[in-house]
Amino acid sequence: MKSKAAQIKANIFPRAIPMKIGFWNTSYARLYRNKIACISLAVIALLLFCAIIVPYLSSHTYYETHLSLKNTAPCKRFWFGTDELGRDLFVRIWWGARISLFVGITAALIDMVIGVLFGAFSGLMGGKVDEFMMRLCDILYSLPYLLVVILLMVIFKPGLATIIIALTITGWINMARIVRGQILLIKEYDFILASQMLGASRLRILGRHLIPNCFGQIITTMTLTIPTAIFSEAFLSFLGLGVQAPFASWGTMASDGLSAMRYYPWRLFFPSIFICITMLALNIIG
């Protein structure tokens, strides 16, 4: 026979289903309930899949030229048309997706690592150390972004590595400020004070309690950093400071298509629409 407590529990929770409640489970449930975010996630997954697979399946390459077929409108042979050298824009779009997404994701990951470590250490130490580190952030944040990029392009050879370095020199500051603010708030909670009273080291408190409790803000900020990095790379490539020929990102193709917008609008339309779709999807997910 059931005990009286078990009967009372069964009456109160007649259909209770045991489940593990945690940060990742609640985050997944919140994401699953948001249909627009799920569609955006599917769009990003489709873009990544096509960027990996399509160039290998196509009979054309991103550098193959057909001068007799230059500026061909979209057709059965060239789905997105061709450019001024007769290169297939469909294949170049997906090669450009590789570069743009790689730069965006890599820059966001580097920003996350530097920003989390810098902000967490600053918030944990407090006092003069925190003041010095935050003033250092202010100084770096005040540097003109475009000037830093141009100087890097002069010092180093233009390429993916230079673009990523340019994006991450000051890109981690926003993450550091957000993490620092959360650390300053969380370290005053009772369970942190209890850990200190029990003799836990600062490093253990930081890795075991403080940073895990900032995961929500860290993931959200990183998700919003990716479209910012993609747009920055497209902007630099549009100005001619990005990847060099024969490689091309979406920004490079948009720059090339701008001069032909009046007569061959597809050359500007396709890279621009992919930039917009990717940034919109990532911002919705964030």
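Start with the whole protein chain and colour it by burial: of its 286 residues, 40% count as buried. Keep in mind that this is a predicted model.

Now switch to cartoon. You'll see 13 helices and zero strands, so to speak an α run from the N terminus to the end. The radius of gyration is 25 Å, well over the 19 Å that the globule rule gives for 286 residues, so the chain is more spread out than a compact globule. Draw a box along the principal axes, and the C-alpha atoms fill roughly 85 × 60 × 30 Å.

Next, turn on contacts. Among those between residues at least 6 apart in sequence, 67% join residues at least 24 apart.

Put a surface on the chain. The accessible area comes to about 16900 Å², and carbon and sulfur atoms account for 70% of that. Then pick out the charges: there are 25 positive and 12 negative ones, and the mean positions of the two sets sit 13 Å apart.

Last stop: select residues 266-285, which is helix α13. With 20 residues at 1.5 Å each, α13 should span 28 Å, and its end C-alpha atoms are 28 Å apart, so the two agree.

Stay on α13 and show side chains. Which residues are buried here? Look for W266, R267, L268, F270, P271, F274, I275, T278, A281 and L282.

What do the buried residues of α13 pack against? Add these helices to your selection to see the partners:

- α3, residues 35-57
- α4, residues 89-125
- α11, residues 215-238
- α12, residues 250-258

Methods: Residues are numbered from 1 along each chain as its sequence is written. This is a predicted model: local features need pLDDT of at least 70, side-chain atom pairs count only at pLDDT 80 or more; totals for chains, interfaces and linings use all residues. Side-chain values use heavy atoms; hydrogens and water are left out. Helices (H or I, at least four residues) and strands (E, at least two) are DSSP runs, numbered from the N terminus. The radius of gyration is taken over C-alpha atoms; the globule rule is 2.2 Å times the number of residues to the power 0.38. Buried means under 20% relative accessible area, exposed over 50%, partly exposed in between (1.4 Å probe, protein chains only). Contact means heavy atoms within 4.5 Å. Accessible areas come from the Shrake-Rupley method with a 1.4 Å probe; for residues, only the protein chains shown count as cover. Lys and Arg count as positive and Asp and Glu as negative; His and the chain ends are not counted. The place of a charge is taken as NZ of Lys, CZ of Arg, CG of Asp or CD of Glu. The expected span of a helix is 1.5 Å times one less than its number of residues.
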